[in-house]
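Dear colleague,

I am handing over the structure below, and my notes on it follow directly after. Please keep in mind while reading that it is a predicted model.

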Amino acid sequence: MNNNYDIKDFSLADQGRERIEWALTEMPVLSAIHDRFSKQRPLAGARISACLHITTETANLARILKAGGAELVLCASNPLSTQDDVAAALVQHYQIPTFAIRGEDGSTYYRHIAKALDHRPQLTMDDGADLVSELHKNRSDLLAGVIGGTEETTTGVIRLRAMAADGALKFPVIAVNDAMTKHLFDNRYGTGQSTLDGIIRATNILLAGKTFTVAGYGWCGRGIAMRAKGHGAQVIITEVEPLRALEAAMDGFRVMPMLEAAVLSDFIVTATGDKHVLDKAHFEVIKDGCVIANSGHFNVEINIPALEKLAVTKHRPRTAVEAYQLKDGRIVRLLAEGRLVNLAAAEGHPATVMDMSFANQALSIAYLWERGRSLEHAVHPVPVDIDQQVAVMKLAAMRLGIDSLNPEQQAYLASWKEGT
């Protein structure tokens, strides 16, 4: 490995391998792609730099890319999402260069991204677009060698579309986040379960009977709201998009502005991808004892500097909880430093949903290696045939059969002449 890594502790490697193999038992689609990639080697010779959450599921994606012939370097896409045992196993047992340490400071985080870019990637894989952003801002000398990239999450897709709109994006990127087999399942069921998992692990507070506010009713917000309701919470939705607000109301949730919700809420979770969704004005009226958490990619959704200024004291009653006391004695409890609560206070999404998300990643990166040079420098959807292929493989793994159209039905759908 030529010391091409920066991890916390090699003694954790065996534990990491056990957990990686455990996760693989819930990832049958990825396992099938691994078998195919091992035989066909569709990524032979490709240099990939990947900035992703270093978890057991990501490790299994990395193993597939390597089996497909890629030369891969990994770094973390969030300072608090790295699982140190997984990072150790990636280096020691799978010989994949990895730069990730849980709790790393900002300078270390960007130094690790720089090390991943030293690999001179031809393909990028990103979760939040920090790698692509750094590549364009500080390593533009490498851009000519990049064929394309993939982006895993909503926040990253938003950033990349802004780059494309400004004419700043210098290679094509596939928005894996927007694949139907990703956002309908990973964002909704994965984020829904893992966010509540993080909140419950961090606080051990019963959700039943509590007022639980979700900021944002996109696919992640829908999933969080659904799971909170299932726990017996009274759920409020805050939104800026009228159609989503209307949908939330018709799904049975209360809808109101955050300034009103803050007064009532025992829990508030942000899942918008935007900045300062919870701001100074909300902290000034927030209910005493309210637990606040973020499930969006970056920790800017909660205005933590504003909360710091309003607080007179701060202490840590539990590992992932910071209790801020305001001047009038009210307490605001912030989880996981405002970072993704599902990864910083728990283990992230269950492997079975990441199975589909990372199947899209693997197939999309192979698609880019083959065809990326012919694509416009823009944000592209996952090809429909890849999305449907993942769905078919997942159904087969679940041993579920579906019907198919017969010739008469196909002809009817293709015709406009037959009516009442």
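Helices α2 (residues 28–40) and α15 (residues 351–371) pack at an angle of about 25 degrees, and because angles under 35 degrees count as roughly parallel, the two helices are described as roughly parallel to each other. Their axes lie 8 Å apart. On the α2 side the contact is made by Pro28, Val29, Leu30, Ile33, Arg36 and Phe37, which meet Asp355, Phe358, Ala359, Ala362, Leu363 and Ala366 of α15. Sorted by class, this contact has ten nonpolar residues, two charged residues and no polar ones.

Ile33 appears again in the largest nonpolar core, which has 54 residues and in which Ile33, Leu43, Ile48, Leu65 and Leu90 have the most contacts. Helix α15 supplies the largest share of this core, with ten residues. If residues up to four places away in sequence are set aside, Leu90 touches Ile54, Ala59, Ala62, Leu74, Gln95, Ile96 and Thr98. There is also a second, separate core of 26 residues, and Cys220, Ala225, Ala233 and Ala248 are included in it.

One residue of α15 that you may wish to look at in the viewer is Ser357. Ser357 has a relative accessible area of 0% and is therefore buried. Again leaving out residues up to four places away in sequence, Ser357 touches Glu152, Val176, Thr181, Lys182 and Asp186.

Turning to the strands, seven of them form an open sheet with parallel pairing, in the order β3-β2-β1-β4-β5-β6-β15. The edges are taken by β3 (98–99) and β15 (379–381), each of which has a single partner strand, so that one side of each is left without a neighbour in the sheet. Within the sheet, β5 (residues 148–151) and β6 (residues 173–175) pair in the parallel sense over three bridges, and the bridge partner of Thr150 in β6 is Ile174. Helix α5 (residues 106–117) packs on this sheet, where it touches β1 (47–52), β2 (71–76) and β3, and the direction of α5 makes about 170 degrees with that of β2.

Strand β7 (residues 211–215) deserves a separate paragraph. Five of its five residues are buried, so β7 is largely enclosed by the rest of the structure. Both of its faces are covered, since Thr211, Thr213 and Ala215 on one side are buried, as are Phe212 and Val214 on the other. Strand β7 pairs with β8 (residues 234–238) in the parallel sense over five bridges, and in this pairing Val214 stands opposite Ile237 of β8.

Finally, two loop residues have a backbone feature that you may want to check by eye. His276 is not a glycine, yet it has a positive phi of about 55 degrees; His276 is found in the loop between β10 (267–270) and α12 (280–283), and with a relative accessibility of 29% it counts as partly exposed. Arg399, likewise not a glycine, has a positive phi of about 60 degrees. The place of Arg399 is in the loop between α16 (384–397) and α17 (407–414), and at 79% relative accessibility Arg399 counts as exposed.

With best regards

Key. Residues numbered from 1 in each chain as written. Predicted model: local features only at pLDDT ≥ 70, side-chain atom pairs only at ≥ 80, totals over all residues. Heavy atoms only, no water. Axes fitted to C-alpha atoms, helices over the stretch in contact; angles between N-to-C directions. Helix = DSSP H or I, 4+ residues; strand = E, 2+ residues; numbered from the N terminus. Parallel < 35°, antiparallel > 145°, perpendicular 65-115°, else oblique. Contact = heavy atoms within 4.5 Å. Nonpolar A, V, L, I, M, F, W, Y, C, P; charged D, E, K, R; others polar. Core = buried A, V, L, I, M, F, W, Y, C linked by side-chain atoms within 4.5 Å. Buried < 20%, exposed > 50% of the residue type's maximum accessible area, 1.4 Å probe, protein only. Pairing = 2+ DSSP bridges.
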